[in-house]
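Me: I am in my first year and should like a close look at one part of this structure, set in the context of its surroundings. Please explain it step by step in connected prose.

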Amino acid sequence: MTVSETSLALVGDIGGTNARLALADISDAAPRISHIRFYASREFPQLNDVIAAYLRDTGARPAVAVLAVAGPIENGAVHFTNLGWSIAQAQLVQMGFAQARLINDFAALALATPLLRDDDLYTLGPDVMGQPQKTMAVMGPGTGFGAAALVRGMGRETVMASEGGHASFAPADETEIAVLRFLTKRFGHVSNERILSGPGLCQLHQALNAIEHHDHAIDDPAAITQLALSGEDRALRTVERFCAILGSVAGNLALSYGAEGGVFIAGGIAPTIITILQASAFRTRFEAKGRFADYLRRIPTRVILRGDPAFLGAARVARELV
């Protein structure tokens, strides 16, 4: 290693599909990320096995560890919502780190938003400035659906994590009411995540096909998006509806957080469907909030294109530990 290991942090972005680990040089306010590795989550019994493999692979001995994890953190520990792993900060210290923190993955993304550059982002809808010193919200569909905000005001900022993916889905028209009825029979409670996620895209596709009396429904989100991008009718209608619902939820979060600094769309799905997303009703539905439409028109909506934004947020936390 060319950097003093006291200035190195292990940073992670741990999701239901992949465990991503990297080293962050935290000697400067703009962290430098290197040695990125991806591990298939389901190939390891527990997260500490992934970390041990990474340390062997890189030969690094970073001083601190900060992991952004997909799940609520309680008493310094997490049980992953969409994966059978558990880990505690105390376990990380036992592995040899002087300091360790677990943070919500979308909290890490919220912390990263001020560090993102123009070429890390894709603007959806009008290119409005918003108020960069005000609160920013980040949300997004992937294996699940996450949301958080970087609350800013009076010269201070703090992260507000949430479990917004598990808030109730609110239909906006007759088709979505029918989708809600279909999914209620299947699940009881229908959350945003039941639709706005990889598995949710399949659920939405099945619901729309059932409503239209089509028997066959694709059970692979990647296949649905690929077919939609090629112009296949039923897949395209599913992805367009997905984008419209995403816009409604983004508008709700902008109002709930007062996110005048912008709403950022993260996760693995949005960048893959960005042409459909830009042409869809996303922005129309984002703004369609009655008396607060003008308020929302002034708020920018952007897709995060950078592949490792959670590392930046985790590195910010790591720098505060040393």
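Reply: Q203 is a buried residue, with a relative accessible area of 17%. The cut-off explains the label, because buried means under 20% relative accessible area. The model is predicted. Q203 belongs to helix α5, which covers residues 198-211.

The surroundings of Q203 come next. When neighbours within four places in sequence are set aside, Q203 is in contact with L183, R186, F187 and R194. With R186 there is a polar contact: the two side chains are joined at 2.5 Å. Two other residues of that list, R194 and F187, are also related to each other, since R194 lies over the face of F187 at 3.9 Å from the ring centre. A charged end placed over a ring also occurs elsewhere, where R20 sits over the ring of F38, 5.3 Å from its centre. Returning to Q203, one may add a distance to I218: these residues are 15 places apart in sequence, and their C-alpha atoms are 9.5 Å apart in space.

The loop after helix α5 deserves a remark. H213 is found in the loop between α5 and α6 (221-230). In contrast to the buried Q203, H213 is exposed, with a relative accessible area of 70%. The phi angle of H213 is near 65 degrees, a positive value in a residue other than glycine. H35 likewise has a positive phi, of about 55 degrees, although it is not a glycine. H35, however, lies in a strand, β3 (residues 32-40), and is partly exposed, with a relative accessible area of 33%.

A second buried polar residue offers a useful parallel. D120 has a relative accessible area of 5% and is buried. D120 lies in a loop, between α3 (105-112) and β9 (121-124). A polar atom of the side chain of D120 lies 2.8 Å from the backbone nitrogen of R117. Beyond its neighbours within four places in sequence, D120 is in contact with V303, I304, L305 and R306.

The helix before that loop can be described in the same terms. Eight of the eight residues of α3 are buried, so this helix is largely enclosed by the rest of the structure. Among the buried residues of α3 are D105, F106 and L111. At the start of α3, a side-chain oxygen of N104 comes to within 2.8 Å of the backbone nitrogen of F106.

The nonpolar interior gives a wider view. Nonpolar side chains tend to be buried together in soluble globular proteins. The largest nonpolar core here has 46 residues, of which M139, V263 and I265 touch the most other members. Helix α7 (residues 233-257) supplies the largest share of this core, 11 residues. A second, separate core has 34 residues and includes A68, L111, F264 and A318. L111 is also one of the buried residues of α3.

I265 shows how distant parts of the sequence meet. Leaving aside neighbours within four places in sequence, I265 is in contact with residues including L124, M139, L246, F282, V303 and I304. Two of these, V303 and I304, are also in contact with D120.

F282, another contact of I265, leads to the aromatic rings. A pair of aromatic rings is described by the distance of the centres and the angle of the planes. The whole structure holds four aromatic pairs. One of them joins F282 and F286, which are stacked, with 6.4 Å from centre to centre and 15 degrees between the planes. F282 and F286 are separated by about one helical turn, because they are four residues apart in helix α9 (residues 282-287). Both F282 and F286 are buried. Another aromatic pair, Y39 and F44, is edge-to-face, at 5.8 Å centre to centre and with 80 degrees between the planes. Y39 is buried, with a relative accessible area of 9%.

A small sheet completes the account. Three strands form an open sheet in the order β5-β6-β7, with antiparallel pairing. Its edge strands, β5 (73-74) and β7 (86-88), each pair on one side only. Strand β6 (residues 77-79) pairs with β7 over three bridges, and A77 stands opposite A88 of β7.

Key: Residues are numbered from 1 along each chain as its sequence is written. Side-chain values use heavy atoms; hydrogens and water are left out. Helices (H or I, at least four residues) and strands (E, at least two) are DSSP runs, numbered from the N terminus. Buried means under 20% relative accessible area, exposed over 50%, partly exposed in between (1.4 Å probe, protein chains only). A polar contact is a pair of N or O atoms within 3.5 Å; within protein, one must be able to donate a hydrogen and the other to accept it, and residues adjacent in sequence count only if both atoms are side-chain atoms. Contact means heavy atoms within 4.5 Å. Rings of Phe, Tyr and Trp (its six-membered ring) pair if their centres lie within 6.5 Å; planes under 30 degrees apart count as stacked, over 60 as edge-to-face and the rest as tilted. A charge sits over a ring if NZ of Lys or CZ of Arg is within 6 Å of the ring centre and within 35 degrees of the ring normal. A nonpolar core is a set of buried Ala, Val, Leu, Ile, Met, Phe, Trp, Tyr and Cys residues joined through side-chain atoms within 4.5 Å. Two strands pair if DSSP finds at least two bridges between them.
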